Amino acid sequence: MEEAQSVVRACVKKETPCIIKVTEKTLNYAGDGLIYDVVKTVIDHESATIPIGFHLDHGYSYDVIVRAVEMGLTSVMIDASRTSLQENIATTKRVVEYAHAKGASVQAELGTAPRLGEMGNDPDWEKLMTNPVEAQWFVNETKIDALAVAIGNAHDFFRERAEPDWERLDAIRKLIPDTPIIMHGASEWPRHKVAEAVKRGVVCFNIDTDLRIAFNTVLCQFTHDKCDIIDPRKVMDEAREAVQKVVESKIEMFRNPK
(Lines give C-alpha, C1' and ligand atoms only; values in the text may rest on other atoms or scores of the structure.)
Protein backbone atom coordinates (compact mmCIF):
# COMPACT_ATOMS: atom_id res chain seq x y z
CA MET A 1 0.00 0.00 0.00
CA GLU A 2 2.70 2.48 1.02
CA GLU A 3 4.80 1.99 -2.11
CA ALA A 4 1.75 2.27 -4.36
CA GLN A 5 0.75 5.48 -2.59
CA SER A 6 4.27 6.84 -2.98
CA VAL A 7 4.25 6.32 -6.72
CA VAL A 8 0.73 7.59 -7.31
CA ARG A 9 1.17 10.67 -5.12
CA ALA A 10 4.42 11.58 -6.87
CA CYS A 11 2.77 11.23 -10.28
CA VAL A 12 -0.22 13.32 -9.27
CA LYS A 13 2.07 16.01 -7.84
CA LYS A 14 4.17 16.06 -11.01
CA GLU A 15 1.14 15.60 -13.30
CA THR A 16 2.79 12.66 -15.04
CA PRO A 17 1.34 9.25 -15.95
CA CYS A 18 3.22 6.11 -14.90
CA ILE A 19 2.90 2.35 -14.61
CA ILE A 20 2.88 0.45 -11.32
CA LYS A 21 4.23 -3.05 -11.75
CA VAL A 22 3.93 -6.17 -9.63
CA THR A 23 5.80 -9.45 -10.02
CA GLU A 24 4.93 -13.09 -9.54
CA LYS A 25 6.82 -13.03 -6.23
CA THR A 26 4.60 -10.17 -5.07
CA LEU A 27 1.48 -12.09 -6.03
CA ASN A 28 2.69 -15.17 -4.17
CA TYR A 29 3.67 -13.11 -1.11
CA ALA A 30 0.47 -11.10 -0.72
CA GLY A 31 -2.12 -13.14 -2.63
CA ASP A 32 -3.47 -12.30 -6.08
CA GLY A 33 -6.78 -10.79 -5.04
CA LEU A 34 -5.38 -8.87 -2.08
CA ILE A 35 -2.49 -7.20 -3.88
CA TYR A 36 -4.75 -6.35 -6.84
CA ASP A 37 -7.40 -4.81 -4.60
CA VAL A 38 -4.86 -2.78 -2.61
CA VAL A 39 -3.01 -1.32 -5.60
CA LYS A 40 -6.13 -0.78 -7.70
CA THR A 41 -7.84 0.97 -4.79
CA VAL A 42 -4.87 3.29 -4.30
CA ILE A 43 -4.88 4.11 -8.01
CA ASP A 44 -8.64 4.71 -8.12
CA HIS A 45 -8.76 6.81 -4.95
CA GLU A 46 -5.64 8.94 -5.42
CA SER A 47 -5.19 9.47 -9.16
CA ALA A 48 -8.47 10.82 -10.46
CA THR A 49 -6.71 13.22 -12.85
CA ILE A 50 -3.64 11.19 -13.85
CA PRO A 51 -3.70 7.87 -15.75
CA ILE A 52 -1.81 5.15 -13.85
CA GLY A 53 -1.21 1.76 -15.44
CA PHE A 54 -1.13 -1.53 -13.51
CA HIS A 55 1.12 -4.19 -15.02
CA LEU A 56 2.59 -7.64 -14.40
CA ASP A 57 6.38 -7.45 -14.67
CA HIS A 58 8.48 -10.48 -15.70
CA GLY A 59 5.88 -13.19 -15.95
CA TYR A 60 7.94 -16.29 -16.69
CA SER A 61 5.18 -18.65 -17.80
CA TYR A 62 1.87 -18.76 -19.64
CA ASP A 63 0.12 -19.79 -16.42
CA VAL A 64 1.34 -16.70 -14.57
CA ILE A 65 0.05 -14.51 -17.40
CA VAL A 66 -3.37 -16.16 -17.12
CA ARG A 67 -3.33 -15.55 -13.34
CA ALA A 68 -2.60 -11.87 -13.86
CA VAL A 69 -5.21 -11.30 -16.56
CA GLU A 70 -7.89 -13.21 -14.64
CA MET A 71 -6.99 -11.11 -11.61
CA GLY A 72 -7.81 -7.97 -13.59
CA LEU A 73 -4.53 -6.66 -14.99
CA THR A 74 -4.78 -5.26 -18.50
CA SER A 75 -1.04 -5.17 -19.15
CA VAL A 76 1.37 -8.10 -18.77
CA MET A 77 4.96 -9.02 -19.54
CA ILE A 78 5.95 -12.48 -20.68
CA ASP A 79 9.66 -13.03 -20.15
CA ALA A 80 10.86 -16.11 -22.03
CA SER A 81 14.17 -14.45 -22.85
CA ARG A 82 16.23 -17.18 -21.15
CA THR A 83 14.95 -19.74 -23.68
CA SER A 84 15.94 -20.12 -27.32
CA LEU A 85 14.67 -17.60 -29.85
CA GLN A 86 12.23 -20.17 -31.26
CA GLU A 87 10.90 -21.04 -27.80
CA ASN A 88 10.63 -17.37 -26.88
CA ILE A 89 8.60 -16.69 -30.03
CA ALA A 90 6.33 -19.70 -29.47
CA THR A 91 5.65 -18.85 -25.82
CA THR A 92 5.12 -15.17 -26.55
CA LYS A 93 2.75 -15.85 -29.45
CA ARG A 94 0.62 -18.04 -27.20
CA VAL A 95 0.51 -15.31 -24.55
CA VAL A 96 -0.36 -12.61 -27.10
CA GLU A 97 -3.21 -14.66 -28.55
CA TYR A 98 -4.67 -15.19 -25.09
CA ALA A 99 -4.06 -11.70 -23.68
CA HIS A 100 -5.25 -9.78 -26.74
CA ALA A 101 -8.47 -11.79 -26.75
CA LYS A 102 -8.97 -10.63 -23.15
CA GLY A 103 -8.19 -6.99 -23.96
CA ALA A 104 -4.73 -6.99 -22.34
CA SER A 105 -1.52 -5.64 -23.87
CA VAL A 106 1.72 -7.64 -23.88
CA GLN A 107 5.35 -6.74 -23.35
CA ALA A 108 8.06 -9.31 -24.07
CA GLU A 109 11.84 -9.42 -23.74
CA LEU A 110 14.54 -10.31 -26.23
CA GLY A 111 18.15 -10.47 -25.08
CA THR A 112 19.22 -10.66 -21.44
CA ALA A 113 19.55 -7.98 -18.76
CA PRO A 114 21.49 -10.06 -16.20
CA ARG A 115 20.87 -10.27 -12.46
CA LEU A 116 23.19 -10.89 -9.53
CA GLY A 117 23.87 -14.58 -9.07
CA GLU A 118 22.89 -15.56 -12.61
CA MET A 119 26.37 -15.47 -14.12
CA GLY A 120 29.90 -14.23 -13.55
CA ASN A 121 30.76 -10.56 -13.20
CA ASP A 122 32.37 -10.37 -16.64
CA PRO A 123 29.80 -11.80 -19.09
CA ASP A 124 30.02 -11.92 -22.86
CA TRP A 125 27.78 -8.96 -23.59
CA GLU A 126 27.62 -9.76 -27.29
CA LYS A 127 25.76 -12.95 -26.42
CA LEU A 128 23.43 -11.17 -24.00
CA MET A 129 22.41 -8.09 -25.94
CA THR A 130 19.41 -7.90 -28.27
CA ASN A 131 20.05 -8.69 -31.92
CA PRO A 132 18.29 -5.98 -33.98
CA VAL A 133 17.35 -8.27 -36.88
CA GLU A 134 16.00 -10.87 -34.47
CA ALA A 135 14.04 -8.10 -32.72
CA GLN A 136 12.30 -7.22 -35.99
CA TRP A 137 11.49 -10.87 -36.64
CA PHE A 138 10.34 -11.37 -33.06
CA VAL A 139 7.94 -8.41 -33.17
CA ASN A 140 6.54 -9.38 -36.57
CA GLU A 141 6.00 -12.99 -35.51
CA THR A 142 4.50 -12.38 -32.07
CA LYS A 143 2.53 -9.12 -32.54
CA ILE A 144 3.62 -7.87 -29.10
CA ASP A 145 2.75 -4.35 -27.97
CA ALA A 146 6.14 -3.45 -26.43
CA LEU A 147 9.66 -4.88 -26.31
CA ALA A 148 12.19 -4.89 -23.46
CA VAL A 149 15.70 -4.80 -24.91
CA ALA A 150 19.21 -5.51 -23.68
CA ILE A 151 21.99 -3.11 -24.67
CA GLY A 152 24.31 -3.67 -21.69
CA ASN A 153 21.79 -2.79 -18.98
CA ALA A 154 21.40 -5.03 -15.91
CA HIS A 155 19.02 -5.68 -13.03
CA ASP A 156 19.69 -5.02 -9.35
CA PHE A 157 23.37 -4.40 -8.57
CA PHE A 158 24.89 -6.44 -11.39
CA ARG A 159 27.77 -4.52 -12.97
CA GLU A 160 26.56 -3.19 -16.30
CA ARG A 161 28.47 -2.95 -19.53
CA ALA A 162 30.89 -0.01 -19.37
CA GLU A 163 28.73 1.88 -21.88
CA PRO A 164 25.37 0.91 -23.33
CA ASP A 165 25.52 -0.14 -26.97
CA TRP A 166 23.82 2.94 -28.38
CA GLU A 167 24.37 1.92 -32.02
CA ARG A 168 22.55 -1.32 -31.30
CA LEU A 169 19.64 0.63 -29.83
CA ASP A 170 19.55 2.82 -32.94
CA ALA A 171 19.41 -0.27 -35.14
CA ILE A 172 16.59 -1.78 -33.08
CA ARG A 173 14.59 1.44 -33.22
CA LYS A 174 15.07 1.67 -36.97
CA LEU A 175 13.80 -1.87 -37.55
CA ILE A 176 10.80 -1.67 -35.16
CA PRO A 177 9.82 2.03 -35.30
CA ASP A 178 6.24 1.46 -34.14
CA THR A 179 6.99 -0.75 -31.10
CA PRO A 180 7.59 0.94 -27.73
CA ILE A 181 11.04 0.10 -26.34
CA ILE A 182 11.35 -0.60 -22.62
CA MET A 183 14.54 -0.33 -20.55
CA HIS A 184 14.81 -2.65 -17.56
CA GLY A 185 17.46 -2.28 -14.88
CA ALA A 186 17.66 1.50 -15.23
CA SER A 187 17.38 2.49 -11.57
CA GLU A 188 20.89 3.83 -11.17
CA TRP A 189 21.21 5.39 -14.61
CA PRO A 190 22.49 8.98 -14.46
CA ARG A 191 20.90 11.79 -16.39
CA HIS A 192 23.23 11.63 -19.41
CA LYS A 193 22.43 7.95 -19.98
CA VAL A 194 18.71 8.58 -19.63
CA ALA A 195 18.92 11.48 -22.10
CA GLU A 196 20.75 9.30 -24.61
CA ALA A 197 18.24 6.47 -24.26
CA VAL A 198 15.24 8.79 -24.65
CA LYS A 199 16.81 10.42 -27.71
CA ARG A 200 17.25 6.99 -29.25
CA GLY A 201 13.69 5.81 -28.65
CA VAL A 202 13.28 4.39 -25.11
CA VAL A 203 9.84 5.32 -23.75
CA CYS A 204 9.71 3.50 -20.39
CA PHE A 205 12.25 2.89 -17.61
CA ASN A 206 11.96 0.35 -14.78
CA ILE A 207 13.30 1.76 -11.49
CA ASP A 208 12.29 -0.72 -8.79
CA THR A 209 15.74 -1.07 -7.18
CA ASP A 210 16.05 2.61 -6.26
CA LEU A 211 12.59 2.55 -4.68
CA ARG A 212 13.47 -0.51 -2.61
CA ILE A 213 16.67 1.15 -1.41
CA ALA A 214 14.78 4.27 -0.31
CA PHE A 215 12.13 2.23 1.50
CA ASN A 216 14.55 -0.16 3.20
CA THR A 217 16.96 2.60 4.23
CA VAL A 218 14.24 4.12 6.39
CA LEU A 219 13.32 0.75 7.89
CA CYS A 220 16.95 0.04 8.77
CA GLN A 221 17.39 3.46 10.34
CA PHE A 222 14.42 2.89 12.61
CA THR A 223 15.56 -0.61 13.48
CA HIS A 224 19.03 0.56 14.47
CA ASP A 225 18.31 3.86 16.15
CA LYS A 226 14.67 3.95 17.25
CA CYS A 227 13.82 0.51 18.55
CA ASP A 228 11.38 2.02 21.05
CA ILE A 229 8.94 2.76 18.20
CA ILE A 230 5.96 0.45 18.61
CA ASP A 231 3.63 1.97 16.01
CA PRO A 232 4.63 0.60 12.57
CA ARG A 233 2.74 3.44 10.90
CA LYS A 234 5.41 5.90 12.03
CA VAL A 235 8.05 3.86 10.28
CA MET A 236 6.00 3.19 7.17
CA ASP A 237 5.00 6.84 6.81
CA GLU A 238 8.63 7.94 6.64
CA ALA A 239 9.43 5.12 4.21
CA ARG A 240 6.50 6.18 2.03
CA GLU A 241 7.74 9.77 1.97
CA ALA A 242 11.27 8.64 1.08
CA VAL A 243 10.02 6.60 -1.89
CA GLN A 244 7.82 9.46 -3.08
CA LYS A 245 10.82 11.80 -3.16
CA VAL A 246 12.77 9.31 -5.28
CA VAL A 247 9.85 8.91 -7.69
CA GLU A 248 9.51 12.67 -8.03
CA SER A 249 13.22 13.03 -8.83
CA LYS A 250 13.01 10.23 -11.40
CA ILE A 251 10.01 11.85 -13.05
CA GLU A 252 11.91 15.11 -13.37
CA MET A 253 14.87 13.32 -14.93
CA PHE A 254 12.81 11.26 -17.37
CA ARG A 255 10.69 14.24 -18.35
CA ASN A 256 13.65 16.61 -18.77
CA PRO A 257 16.68 14.35 -19.27
CA LYS A 258 18.92 16.95 -20.91
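In which sense do strands β3 and β4 pair, and over how many bridges? Strand β3 and strand β4, the latter spanning residues 105-110, pair in the parallel sense over 4 bridges. Within that pairing, Val 76 has Val 106 of β4 as its bridge partner. To pass from β3 to β4, the chain runs through helix α5, residues 85-101, and this β-α-β crossover is right-handed. Before I continue, please note that the model on display is a predicted one.

Let me now turn to the sheet to which these strands belong. It is an open sheet of 7 strands, in the order β1-β2-β3-β4-β5-β6-β7, and the pairing is parallel. At its edges stand β1, residues 18-22, and β7, residues 202-205; each has a single partner strand, so one side of each is left without a neighbour in the sheet. On average, and with direction ignored, neighbouring strands here are turned by 30° against each other. As general background, strands of a sheet pair through backbone hydrogen bonds, either parallel or antiparallel.

I return to β3, residues 75-78, for a closer view. In a regular strand, the side chains alternate between the two faces of the sheet. Are the faces of β3 covered or uncovered? Both are covered: Ser 75 and Met 77 on one side are buried, and so are Val 76 and Ile 78 on the other. On the β2 side, 2 bridges join β3 to strand β2, residues 52-59, and these two strands run parallel. There, Gly 59 stands opposite Ile 78 of β3. The chain crosses from β2 to β3 by way of helix α4, residues 62-71, and this β-α-β crossover is right-handed.

At the β7 edge, β6 and β7 pair in the parallel sense over 3 bridges. In this pair, Ile 182 stands opposite Cys 204 of β7. As for the helix α4 mentioned a moment ago, α4 packs on the sheet, where it touches β2 and β3, and its direction makes about 170° with that of β3.

The next topic is a pair of helices. Helix α7, residues 132-142, packs against helix α8, residues 166-175, at an angle of about 30°, and their axes are 8 Å apart. Because of that angle, α7 counts as roughly parallel to α8. Their crossing is right-handed. On the α7 side, the contact is made by Pro 132, Val 133, Ala 135 and Gln 136. On the α8 side, Arg 168, Ala 171, Ile 172 and Leu 175 take part.

Following α8, we reach Thr 179, which lies in the loop between α8 and β6. Is Thr 179 buried or exposed? It is buried, because its relative accessible area is 8%, and the cut-off for buried is under 20%. Leaving aside residues up to four places away in sequence, Thr 179 touches Val 139, Asp 145, Ala 146, Leu 147 and Arg 173.

My last residue is Phe 215, found in helix α10, residues 208-225. With a relative accessibility of 12%, Phe 215 counts as buried. Which residues does Phe 215 touch, if those up to four places away in sequence are not counted? They are Glu 2, Glu 3, Met 236, Ala 239, Arg 240 and Val 243. In addition, Phe 215 and Gln 244 are 29 residues apart in sequence, and their C-alpha atoms are 9.6 Å apart in space.

Thank you for your attention.

Definitions and conventions. Residues numbered from 1 in each chain as written. Predicted model: local features only at pLDDT ≥ 70, side-chain atom pairs only at ≥ 80, totals over all residues. Heavy atoms only, no water. Buried < 20%, exposed > 50% of the residue type's maximum accessible area, 1.4 Å probe, protein only. Pairing = 2+ DSSP bridges. Right-handed = clockwise from strand over helix to strand, strands pointing away. Axes fitted to C-alpha atoms, helices over the stretch in contact; angles between N-to-C directions. Parallel < 35°, antiparallel > 145°, perpendicular 65-115°, else oblique. Left-handed = near helix turned anticlockwise from the far one by under 90°. Contact = heavy atoms within 4.5 Å.
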